[in-house]
Structures are given as C-alpha cells and as structure tokens.
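Colleague: Could you pick one helix in this model and take me through what packs around it? After that, feel free to wander on to whatever else you'd point out.

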Amino acid sequence: MLNSGWIYREQVDRLSAGLTILDYYSKRYTHSSRNEWCDRINKQQIWLNGKPATAEIELQAGQQLAYHRPPWSEPDVPLSFQVIYEDADILVIAKPSGLPVIPGGGFLEHTLLRQLQREYPQDTPIPIHRLGRGTSGLVLLARSTLARSHLTQQMRHRQITKVYLALAEGCSPRDYFSINCAIGKIPHPIIGYIYGATETGLSAESHCQVIKRDTDKMIVQVTILTGRPHQIRIHLAAAGFPLVGDPLYTIGGKPRIPDPTSNHHSTFPGDCGYYLHAYSLSFQHPQTGANLHLTATPPQELSTEYPPM
C-alpha cells in the first residue's frame, strides 16, 4: 500500500540566498541527483511561498520552500507493540526492534506514532523520549497535558532513570566503567550531518555494568544520564566495544562516512542489525506522585541468567 505522501517545509537561510531552486535542492539533498530534482520541479512538486516553482528562480532569505513528496510504498516493519502500563495520564509501551517512533527516513505510516493515532484517535499519546528504530523496549508517552508537562520536566532535570541492555563486541576487563565523551554533529555527504563522538559536541555520560561475558562479546547494562542521539551506540564504540551487528558506528565512536563517488551501499542511523533494548524506566507519576519502576522483557540475544536491577 502507498502512504499519503508528505510535505517537507523549510525556510531559506541567508547562506542560501542567491542560489537557484535547482541548485539549492541538488546541493543540499544529495541523496537524489540533480536530474531527479529537476524532474520534481518540472512536475510541480517544489513550491515557493505557496506556489509551484521553476528551476531557475533565485532564492531570497526568509522565503518558504515546500517539497510535496508524492505517496510511496514504505518498507515492511513490525507494527505491533505491547502495553506495559496505562492510565488516564501516561502510557508505557514496549516497541519491537525495527519500528520507528516518529516519521522520518522514508517512514510515515509505518511508525509507532501513526499506530498510536489509529489506536487513540481522539487524544493520541505523545512520546516523551525516543528510541532508535533498531532499539527495542520501553517508550514513555503522555496522555494528558499535565503528564506531558511534568514528565518533560523530569526528563530535563534527569529525574527519569533509563536502563538499557546492549550486546557489545569484546570483553571489558572491568565490571563497571563510565563513558563521558562528547557527542556532536559530523558532516555527512548524503544526509547533511550525522552524530558521533567529537570533541566539539555536547557532554554525554553513560554508566556501564558488565553482566554477562562470552569469549568475544558481552552483555552490558547501561544507565544513561544524558539523552544524546544514539548515545549508547556511540559511547560503547568510543570505549572500544561497538554493538554487535551495528552497521554504522565503529571503534572510536565515529560513524562510517560513505564515499560519494562509490557505488557501495551507505549506512544510516536508522539501519538495524544491532542489539539494544530499553529494559527499565523509573520515574514519578505526574498525577499521584508515586514512584513507578517498569521493565520490558529483553530479546533472547540479551537475556541473562541473572536479570539486572
């Protein structure tokens, strides 16, 4: 089935003033060729200030651009999810690996948010945090205005404890270790930028406990004190223990950056293959003040003889 299409809206910045519309899109969004962008403009899929545009119009700062992407067929993903806790204020679900939380990266209908909109058409629960597409486990959502405000504040003040299980390459000689490398944007030739370990990034902190070892891999329990994009994947890779099966992040915490002249398949943050599970959430109920501690059963690859706290 085709989805309903999407409109990508943006405002022209000062650095882009003077570019033609064709130059703007072909230089900014290199996932498509110049000829492909030219064809979209000719089909009136690119609008400027509410009207169909032509390729040679020169842009001015502050103008509004809109790419009307026509309907497309999305990749199949697991769409079901398990309700862990539900009341009038909050919803906590366990999502499967492979299901995106919000639209993006070619997914519109096949997302957790769209499934929730179908399940709760009147007052759709709003995610308080996100998980990567390949990450399974607990997602916290607000069902009331009060809950959204209180839970967002708890998240901002680091009062929500999030514990993950990860299958990592190698074996740390230490049972406990912390990772503090900064995470920031790194230029990417196709999608503009990507997150990775970089000295110029924002501070990030992860506390790790090895709870099971094998000859060449280990299960690590990770508690994150910050919520940077792809933090656990980047941090464990930066410490020398990238996630087993992670197609993107390598030792050092740097993403694989594709050669734009190569025909090899490029890897992106939404690609799956790694094992990372949001195992537990601890927070204060926004209405009652009760302390809640919820868990989600991990996949078999992350199961342990002695479950973590």
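Modeller: Let's go for helix 3: its buried residues are covered by, among others, strand 6, strand 7 (126-127) and strand 8 (136-142). Bear in mind that this is a predicted model. The chain's pLDDT averages 93, and 96% of the residues come in at 70 or higher. Strand 12 (residues 192-197) has the lowest confidence, with a mean of 91, while strand 2 (residues 46-48) has the highest, at 98. As a general caution, coordinates shouldn't be read in detail where pLDDT is low.

Back to the helix. The residues buried there are Leu112, Leu113, Arg114, Gln115 and Leu116. Take Gln115, which sits in helix 3, running over residues 112-119. Gln115 counts as buried because its relative accessible area is 12%, under the 20% cut-off. Setting aside residues up to four places away in sequence, Gln115 touches Leu79, Phe81, Glu109 and His110.

Strand 6, one of the elements covering the helix, has a partner of its own. Strand 5 (residues 82-86) pairs with strand 6 (residues 90-95) in the antiparallel sense, over 4 bridges. For a concrete pair to click on, try Val83, whose bridge partner in strand 6 is Ile93. The two strands make a hairpin, with 3 residues between strand 5 and strand 6.

Now for another part of the chain: the second largest pocket, which holds about 270 Å³ of space. Helix 4 (145-156), strand 9 (161-169) and strand 14 (217-224) are the elements that each give two or more residues to its lining. Lining residues include Met155, Arg156, Thr161, Lys162, Thr223 and Ile224. By character, the lining splits into 4 nonpolar, 4 polar and 4 charged residues.

Strand 9 also holds Val163. Val163 is buried because its relative accessibility is 7%, again under 20%. Leaving out neighbours within four places in sequence, Val163 contacts Gln221, Val222, Thr223, His277, Ala278, Tyr279 and Ser280. Thr223 turns up in the lining of the second largest pocket too. One last distance to check on screen: Val163 and Ile190 are 27 residues apart along the chain, and their C-alpha atoms are separated by 32 Å.

Methods: Residues are numbered from 1 along each chain as its sequence is written. This is a predicted model: local features need pLDDT of at least 70, side-chain atom pairs count only at pLDDT 80 or more; totals for chains, interfaces and linings use all residues. Side-chain values use heavy atoms; hydrogens and water are left out. Buried means under 20% relative accessible area, exposed over 50%, partly exposed in between (1.4 Å probe, protein chains only). Contact means heavy atoms within 4.5 Å. On a 1 Å grid over the protein atoms alone, a cavity is a set of points where a 1.4 Å probe fits but cannot get out, and a pocket is an open set with protein on both sides within 12 Å along at least five of seven lines; lining residues have an atom within 4 Å of a point. Grid points are joined across faces, edges and corners, and a volume is the space filled by probe spheres set on the points. Ala, Val, Leu, Ile, Met, Phe, Trp, Tyr, Cys and Pro count as nonpolar, Asp, Glu, Lys and Arg as charged, and the others, Gly among them, as polar. pLDDT is the predictor's confidence in each residue, from 0 to 100. Two strands pair if DSSP finds at least two bridges between them.
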